[in-house]
Amino acid sequence: MPSSHEAPAKMPGTRVVRCAIYARKSTEEGLSQPFNSLDAQRESAEAYILSQRHMGWTALERRYEDGGYTGANLERPALRALMEDIESGQVDCVVVYKVDRLSRSLLDFARLIGMFEEHGVSLVSVTQQLNTTDSLGRLTLNILLSFAQFERELIAERTRDKMRAARRKGKWLGGQPILGYDVDPERGGLKINAGEAPRVGFIFQQIAEGKSAHEVLDGLSRRSWSTKQWVSRSGRQHPGRAFKVSDLVRLVQNVMYVGKLRDGEQIYQGAHAGIIDAELWERANTAFKRWRAPARDQSRNSSPNGTAERKAEVSQRPSVTRISRLLALALKMEQMIQEGTVKNYSGLAHLGQVSRARITQVMNLLQLAPDIQEEILLGNTPEDRLRESAIRKLSGVVLWSEQRDRWHALLRAASKPPALRCCC
């Protein structure tokens, strides 16, 4: 007689059900062990499939395992391989240890279930006794998945709360180090870089004295000073480069240099030491805000009719400031990436609800020569006659010398009266 522990034999006339086992683990911790979480998930699934041998179930040998991948999206190599095999008709059933191993997003899960149903593939969860071949199973699936997504949102909220609490205590939470500071390997915070700190003080002092961005950049170039050079934990080298206007903007507005931390609109006292005093920081930021003022005040005061001049400026405001706003936006978005607020252009596109191509167009404005950026930001150009497409094309020119030649040609053309400009 067969052992009571053996699975019953396959029933005559039962078709073979090819079962693909999918396993996932969010982190890479423990994956190097001889028997890890992915192995445990597969072992449980194989045992379940064996118990259904009388129904013709058999486990496919190919392993579909994603170690170190989140379930919040579908960008996983093993999952893509599983989808390809389903589309090619090699899978009849997908077996998972728990539903959230397949996806934690209700929207993504709905897409997967739709694909499964399109190809006649069922889904089985070992620990939740779930089978989507009937309507009750599908209802149970939606309920379970809703709770999985709810749990994930709770975890995310708790994580954000912990990060806010840490910032309130003045703790630096990581990211790219800034000029003047290094990561303290012992305490995990920031420590002053004795070689870079004087450079930070020099930049703040130059701006506080009323120097223009172009003058400050020239001074940094003569001294051959570059932006922050650092090495990541993985050993990747991040070499410095020549300063740009965007670097000055980020530096002068960064409260970390006075020993503080910013969390959204809130500013807290940091655990790290400041490089400059609050008085110099305020003077530099006041001077920075006045960079635009002289050109605007001069244009108003030079008109015999100040009211008419202001009306003309207001009437032209949307077109005059468009390119300036785009460049300022590019500076802000680059700062968000460097501070770790978003990871890449795709993150910016998702945040701004625009296409990634549009983000690339705006960010390419940072390829303009520093003096061109300064002129645009200060509003010293006839931007009402400069098209965004022309400026984008200009940013694609590699050599700054050639950029400047073309920029001056654009300015000359834009400065001509409309009747004298060529339309060809």
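Here are legends for several close-up views of this predicted model.

**View 1. A salt bridge between neighbours, Asp100 and Arg101.**
Start with the side chains of Asp100 and Arg101, which meet with N and O 3.2 Å apart. Are these two residues buried or exposed? Asp100 has a relative accessibility of just 7%, so it counts as buried. Arg101 comes in at 13%, so it counts as buried too. If you went hunting for salt bridges through the whole model, the count would come to 16.

**View 2. A salt-bridge network around Asp247.**
Asp247 has a salt bridge to Arg241, with the closest N and O atoms 2.8 Å apart. Asp247 also meets Arg250 in a salt bridge, this time at 2.5 Å from N to O. Why are Arg250 and Asp247 about one helical turn apart? Because they sit three residues apart in helix α8, which covers residues 245-253. Shared partners tie Arg241, Asp247, Arg250 and Glu334 into one network of salt bridges. Asp247 has a relative accessibility of 7%, and under 20% means buried, so that is how Asp247 is classed. Arg250 is buried as well. Arg241, on the other hand, is partly exposed, with a relative accessible area of 32%.

**View 3. The hairpin of strands β11 and β12.**
Strand β11 runs over residues 260-263, and its two faces have different surroundings: Leu261 and Asp263 are on the covered face, while Lys260 and Arg262 are on the uncovered one. Its partner is strand β12, residues 266-269, and the two pair in the antiparallel sense over four bridges. Which residue of β12 is the bridge partner of Lys260? Look for Gln269. Two residues lie between the strands of this hairpin, and Gly264 takes a positive phi near 65 degrees.

**View 4. Helix α6 and what covers it.**
Helix α6 takes in residues 197-208, which makes 12 residues. From first C-alpha to last, α6 reaches 17 Å, close to the 16 Å expected at 1.5 Å a residue. Its buried residues include Ala197, Val200, Phe202 and Ile203, and Phe204, Gln206, Ile207 and Ala208 belong to the list too. What covers these buried residues of α6? The cover includes β8 (190-192), α7 (213-222), α8 and α9 (278-289). Just after the helix, Gly210 takes a positive phi of about 95 degrees.

**View 5. Phe204 and the largest nonpolar core.**
Stay with Phe204 for a moment, and look at its surroundings. In soluble globular proteins, nonpolar side chains tend to be buried together. The largest nonpolar core here has 60 residues, and the ones touching the most other members are Ile203, Phe204 and Tyr257. Leaving aside neighbours within four places in sequence, which residues is Phe204 in contact with? They are Leu251, Val252, Tyr257, Ile276, Leu280, Trp281 and Ala284. There is also a second, separate core of 24 residues, with Met83, Leu102, Leu112 and Leu130 among them.

**View 6. The two ends of helix α13.**
Helix α13 spans residues 345-352. At its start, a side-chain oxygen of Asn344 comes to within 3.2 Å of the backbone nitrogen of Ser346. Now hop to the other end: just after α13, Gln353 takes a positive phi of about 55 degrees.

Notes:
Residues numbered from 1 in each chain as written. Predicted model: local features only at pLDDT ≥ 70, side-chain atom pairs only at ≥ 80, totals over all residues. Heavy atoms only, no water. Salt bridge = Lys/Arg side-chain N within 4 Å of Asp/Glu carboxyl O. Buried < 20%, exposed > 50% of the residue type's maximum accessible area, 1.4 Å probe, protein only. Pairing = 2+ DSSP bridges. Core = buried A, V, L, I, M, F, W, Y, C linked by side-chain atoms within 4.5 Å. Contact = heavy atoms within 4.5 Å. Polar contact = N/O pair within 3.5 Å; in protein donor to acceptor, adjacent residues only side chain to side chain. Expected span 1.5 Å × (residues − 1).
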